[in-house]
Amino acid sequence: MTDEKALLHIEKLVLYFNTRSGPVQAVDGVDFSLDTNKAVVIVGESGCGKSSLAKAILRLLPRNAGTYSGKIFLEGQDVMLLDDEEYRQNIRWAAISMVPQAAMNALNPVIRVGEQVAEPAIVHLGVNKTDALSLVKKMFQHVGVPEGFISRYPFELSGGMRQRVAIAMALVTSPNLIILDEPTSALDVLTQANIFNVLKRIKKELGTSYILITHDIATSSELADDVAVMYAGQIVERGDAFRFFAQPLHPYSSALMASVPTLRGKKMLDFIIGQPPSLINPPTGCRFAPRCPSRFEKCDQDPPVIEKEDRKVRCWLYA
Amino acid sequence: MVEARESNAVLEMKESTGSLLSVQDLRVWFELRQFGFGHAGYVHAVDGVSFELAHGEAIAVVGESGCGKSSLMKAILALYKPTKGDIVFDDKKFSEFDTTIMRWFRSQVGFVQQDPYGALAPFMNVRRILEEPLIVGGIKDKLERERRVRKVMDEVKLHPVEDYWDKFPHMLSGGQQQRVVIARAMIMEPKLLVADEPVSMLDASVRVEILKLLRGLQQEHHLTVIYITHDLATVSYFSERIFVMYAGMIVEKASVDNLLQNPKHPYTYALLQGTSDPDANNALSFKEVPPGEPPSLITPPTGCRFHPRCPKIITGLCEFQEPPEFEPDKGHYVSCWLYK
């Protein structure tokens, strides 16, 4: 995987937050690449830094952001070198857009949904309102919202429809990459299945790439080409979805998979003893070592990223 | 008080069923008002639900949001008054409850809320939270209260007890908070436990821990449990029977294995299809999803409520007549004309 070919290539991305008790190492040296028209799923438990990773990629930094470093190549261009204004004009929403967590509840209640969806197009593409609204109509078709809904208010729409509107808002500027942060976590089973159908169709028809951030491993498989597992601010395993779901490599990934209940075929469920570490003072060496069933002496040192059959895993077991 | 007990003794003679809970044609309707007064129809949240639960049975009520499962739960907890129908708990009718029996009833049911942080008072420490039901329940001896708090904290594996009982909810992790909620539900040693999506707010690894804990408590105490969820995948690890709810009605009742392997109702089938297992092959195909959305409960569709979305509709029948409950296999009930 070379930098030039990849749509997005991230090297040693770091994002710390300053707090009174010290820096929170939310994203701590993340590397990964994503090709055009592919979807990578980032799974992890709450507090592992997966949403912060999305914010770091989109440079949506909260006020208490501390260290922010690393390299983000978008189609070969290092976007970390851009200043905030250039980034806002050329990258955010124009090239990478996002469906934030609980986006469906973040719509402005007093503005018609059509106008809300048109706004990014007006701001980032510089089109006039009429053109923007016809773009919105096109996007509504892609996500399966009836055209007539364009002049409705958010409260007149069901949760599933509002989520589709939020996706349309991310699509309206035709970005190459969409970051989806828990796009279906508050939705019902059938609505969820519907939204994933929509996302799959968009990927097929428009060639969009996705970064899907979720804690729901079972539904994440609906979209995954690649899977990255995040633990305590680091990506501990990354590889292609078929191999990952068949046999995860990292002990944390295996434990996480063992805790996912399945509908078809009974398996014994298991849970992970203990709690994820604090990101202010993460354990030295492997961060999962204190909870790991297969830990040994070497785990006191920071594990290297090991490449095994095209997959990458941060674990001494494979060294 | 004595009189009430006696009148109930008479009732017990008449209606002793051997089951712990019996819900009889329950309807919970909420009146809609126009401009704050003037009748404008009803929301038919629960519309004709009947079932019986045996002592020590664990059931799951599955359905999407807005299907009435929470209203059903609140009616069972005696928080909502049924519009029609009745609920019988331990041979006592809800409609004939007086204050004394109500107090007794409150000690017989435990409730596990969905959002543990929201369910715990932020200004009380764990010990105070757990003592509260005992104080309300009239246990005046402080040492006895402490003994019971210790016992229940031990049962939900919040040990060593001393490490936890001075803590406030915000100092605990999500899993530990949920254990406190379960401990509070268990402290009066109830016969019935109602759990409303107890694990939906928790992380995958903690989820299993809590489900195992609930299952363990259920078996140890021979508890009757109503587990309300929208997640079919967790059901098979927890309960023996599943009730599937759609638009205020139970459309299918069956044992877990029967329902998961041989779903009868088209809605149940769709739900099962919609639930993903972790499998990379999922990304290669689209899912079959019935069109549309659940109907409004103000003016539910005539006939079968699923008919506008049903792929197997029998034209001329399903639109007009409400399907009764059929029993195609023994113990497997389904309200669908396909099985007439």
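Two strands pair when DSSP finds at least two bridges between them. Helices (H or I, at least four residues) and strands (E, at least two) are DSSP runs, numbered from the N terminus. Residues are numbered from 1 along each chain as its sequence is written, while chains are lettered from A and ligands numbered from 1 in the order in which they are written. This is a predicted model, in which local features need pLDDT of at least 70, side-chain atom pairs count only at pLDDT 80 or more, and totals for chains, interfaces and linings use all residues.

**Exercise 1. Follow strand E10 of chain A to its partners.**

Step 1. Start with E10(A) and strand E12 (residues 311-314) of chain A: two bridges join them in the antiparallel sense. Here Glu237(A) stands opposite Val313(A) in E12(A).

Step 2. Now look at strand E9 (residues 226-231) of chain A, which runs antiparallel to E10(A) and is joined to it by six bridges. Glu237(A) of E10(A) has Val229(A) opposite it.

Step 3. Check the turn. The hairpin of E9(A) and E10(A) has two residues between the strands, and Ala232(A) there takes a positive phi near 50°.

Step 4. Is E10(A) enclosed or open? A residue is buried if 20 or more other C-beta atoms lie within 10 Å of its own, exposed if 12 or fewer, and partly exposed in between, with C-beta atoms placed from the backbone. Six of the seven residues of E10(A) (residues 234-240) are buried, so the strand is largely enclosed by the rest of the structure.

**Exercise 2. Describe the four-stranded sheet in each chain, and the helix that lies on it.**

Step 1. In chain A, the order of the open sheet is E2-E1-E4-E5, with antiparallel pairing. Strand E2 (22-34) and strand E5 (77-78) of chain A are the edges, each pairing on one side only.

Step 2. Pick a pair inside this sheet. Strand E1 (residues 8-19) and strand E4 (residues 65-74) of chain A run antiparallel, with seven bridges. Val14(A) has Ser69(A) in E4(A) as its bridge partner.

Step 3. Add the helix. Two residues are in contact if their C-beta atoms, placed from the backbone, lie within 7 Å. Axes are lines fitted to C-alpha atoms, for helices over the stretch in contact, and angles run from 0 to 180 degrees between N-to-C directions. Helix H1 (residues 50-58) of chain A packs on the sheet and touches E1, E2 and E4 of chain A, at about 70° to E2(A).

Step 4. Turn to chain B, where an open sheet of four strands with antiparallel pairing has the order E2-E1-E4-E5. Its edge strands are E2 (37-54) and E5 (92-93) of chain B. Twelve bridges link E2(B) with strand E1 (residues 19-34) of chain B, and Ser22(B) is the bridge partner of Glu52(B). Helix H2 (residues 69-76) of chain B lies across E1, E2 and E4 (84-89) of chain B, at about 70° to E2(B).

**Exercise 3. Find out what chain B brings to its contact with chain A, then test helix H9.**

Step 1. Count the sides: 34 residues come from chain B and 40 residues from chain A.

Step 2. Locate them. Helices H9 (204-221), H10 (232-235) and H12 (266-274) of chain B each supply at least two residues of this side of chain B. H9(B) gives the largest share, six residues.

Step 3. Check the length of H9(B). The expected span of a helix is 1.5 Å times one less than its number of residues. For the 18 residues of H9(B) this should be 26 Å, which agrees because the end C-alpha atoms are 26 Å apart.

Step 4. Look at its surroundings. The buried residues of H9(B) include Val206(B), Ile210(B) and Leu214(B). Just after the helix, His222(B) takes a positive phi of about 55°.

**Exercise 4. Spot the unusual backbone in chain B.**

Step 1. Recall the rule: most residues other than glycine have a negative phi, and most peptide bonds are trans.

Step 2. Find the exceptions. A cis peptide bond, with omega about 0°, joins His159(B) and Pro160(B). Asp90(B), not a glycine, has a positive phi of about 50°, and Asp91(B) has one of about 70°.

Step 3. Place them. Pro160(B) is in the loop between helix H6 (142-155) and helix H7 (161-164) of chain B. Asp90(B) is in the loop between E4 and E5 of chain B, and Asp91(B) is found in the loop between E4 and E5 of chain B.
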